[in-house]
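Open the model in your viewer and set it to cartoon with side chains available. The stops below each give a selection to make and say what is found there.

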Amino acid sequence: MGIFTIILVSLLMIINGTAEKLHDAFGMIGELGSLNNNNNNNEDDEDDGIEAVEMSSSWRGKRCVVNVDSFGAVGDGISDDTQAFIGAWNKACSMQKSVLLVPKRRRYVVNATIFNGPCVGKLIVKIEGTIIAPAKIKEWDPKLTRIWLAYNNLTSVVFKGNGVIDGSGAPWWAASCKRNKSLPCTKAPTSLTIDNSSDIHVRDLTIRNSQQFHFTISRSHSVSVSNVLVTAPADSPNTDGIHILNSTKVVLKKCKIGTGDDCISIIAGSSNIKMKSITCGPGHGISIGSLGKDNATDFVKKIHLDGAFFKNTTNGVRIKSWQGGSGYAKEIKFENVIMEDVKNPIIIDQFYCDSTTPCANQTSAVKISDIKFKNIVGFTQSEVAMKFACSDTVPCKNIHLINIALISKNTTADTFCNSATVSEFGVVVPPVYCLLQDDA
């Protein structure tokens, strides 16, 4: 039984007045194998708008394998293999058809590096072994404090394999001001970055224990990510799973993400982002934002989540912006979602303030409009299952709730609403009472 069947059964239970049986539906969650990073799943997927490169005839034919071991990589988990990886990259990138191979059953220590394109031909990066970051902060390249493995200015590159990218993040987490309030707040590296690139495909990899963000897609177009596992401890600070900014036409599919921050975060300059069959938890949920920090003007539009399972997360689906910003977040749709023990299942927050000091009240705000929440069911840990905290001067408009069933196991769930126009369709539990003054 698939996720959509479970959602339908759950909603029918609510409609028929048997809300107490909703918990039984979650006994079927174990069958959500397709959401649990099943790399052997051969089901035909709905067209996501980005053609799988392996299906393209232009990718077929013999390729030259460029093995990092041939360039002096040791792979013993101790020796520094950075220069070997750079040499192998330069060779593979200069060839018309090549596969850069990171062999299995080896552990390669690689320091912060930018792998630059463009490459001559269509390149496959096949990671079968484990790439690990330096174990100590003092071993880090001081010139590259914000990145670990960064790929820049690429076209038509595939990253695949059953290997692991391990950020060795523990010492960075210990040095975080979010762990120790007496420490200064400093930035830390992102494990994997795709920047200024197009027609990029990432699949079947594991990215774990990042220093901060695990995987960032920035300034890029036509990127697909599928069957990727992202994992870090729930208390690891700022370890967002997949972070998207200034990018368009990005598809995330069948990814399982559990970290100490947002499973997926989508920020300024991003549009036409699709997410399908996502598992999230632990973590802070799937977030649009934050937007508008430091009075910035930010734009996000055409974001679609279709199918997700959240378990033990602090938030479910969220839009967050700072006071004082401007711009918009619009044409966003979250649908076909199951929540299990989520603290804030649905939340729009125009008063977001992730700061050690209180944020000043300001009248300007990022405009939030044309948002749909559809077929979302499950259990909330808090009394407030849905929160719409919107600006009095820039209220939220055209918020649509369609078939929502969010229930507390211990108390009666409620909704908070301020300065938002919210419409209900079908069954909505708990009910929402939002009416702007000019709508009366």
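Select Ser 290, which lies in strand S21; strands here are DSSP runs of E of at least two residues, helices are runs of H or I of at least four, and both are numbered from the N terminus. A cis peptide bond joins Gly 289 and Ser 290, with omega at about 20°. This is a predicted model, in which local features need pLDDT of at least 70 and side-chain atom pairs count only at pLDDT 80 or more, while totals for chains, interfaces and linings use all residues. Residues are numbered from 1 along each chain as its sequence is written, and side-chain values use heavy atoms, with hydrogens and water left out.

Next, go to Pro 282, in the loop between strand S20 (270-280) and S21. Here a cis peptide bond joins Gly 281 and Pro 282, and omega is about 0°.

On the other side of S21, select Asp 294, in the loop between S21 and strand S22 (297-311). Asp 294 is not a glycine, yet its phi is positive, about 55°. Is Asp 294 buried or exposed? Its relative accessibility is 68%, so Asp 294 counts as exposed (buried means under 20% relative accessible area, exposed over 50%, partly exposed in between, with a 1.4 Å probe and protein chains only).

A second positive phi, near 50°, belongs to Ser 168, also a residue other than glycine. Select it in the loop between strand S10 (164-166) and H4. Ser 168 counts as buried because its relative accessibility is 19%.

**The sheet**

Colour S21 and strand S19 (residues 264-266). S21 covers residues 286-291, and three bridges join it to S19, the two strands running parallel. Ile 264 stands opposite Ile 286 in S21. Strands of a sheet pair through backbone hydrogen bonds, either parallel or antiparallel; two strands are taken to pair if DSSP finds at least two bridges between them.

Now widen the selection to the open sheet of eleven strands, whose order is S5-S8-S11-S14-S17-S19-S21-S23-S25-S27-S29, with parallel pairing. Strand S5 (113-116) and strand S29 (414-418) stand at the edges with a single partner strand each, so one side of each has no neighbour in the sheet. From one strand to the next the twist averages 15°. Add helix H3 (residues 82-93), which packs on the sheet and touches S5 and strand S8 (147-152); the directions of H3 and S5 make an angle of about 10°. Axes are lines fitted to C-alpha atoms, for helices over the stretch in contact, and angles run from 0 to 180 degrees between N-to-C directions. Contact means heavy atoms within 4.5 Å.

**Pocket and cavity**

Rolling a probe the size of a water molecule over the atoms shows where empty space is left. Both kinds of space are found on a 1 Å grid over the protein atoms alone: a cavity is a set of points where a 1.4 Å probe fits but cannot get out, a pocket is an open set with protein on both sides within 12 Å along at least five of seven lines, and lining residues have an atom within 4 Å of a point. Grid points are joined across faces, edges and corners, and a volume is the space filled by probe spheres set on the points.

Select Lys 187, Phe 213, Asn 238, Lys 293 and Asp 354, which lie nearest the centre of the largest pocket among its 47 lining residues. The pocket holds about 1400 Å³ of space. Which element gives the most to its lining? S21 does, with three residues.

For the largest cavity, select Phe 85, Trp 89, Leu 100, Val 102, Phe 115, Val 125, Ile 127, Ile 131 and Tyr 151, which line it. Its volume is about 60 Å³. H3, strand S3 (97-102) and strand S6 (122-127) each supply at least two of the lining residues.

**Two buried side chains**

Phe 159 is among the residues that touch the most other members of the largest nonpolar core, which has 98 residues. Such a core is a set of buried Ala, Val, Leu, Ile, Met, Phe, Trp, Tyr and Cys residues joined through side-chain atoms within 4.5 Å. Leaving aside neighbours within four places in sequence, the contacts of Phe 159 include Val 125, Tyr 151 and Ile 194.

Finish at Gln 212, in the loop between strand S13 (206-208) and strand S14 (215-218). Gln 212 counts as buried because its relative accessibility is 12%. Not counting residues up to four places away in sequence, Gln 212 touches residues including Arg 146, Lys 187, Asn 238 and Asp 240.
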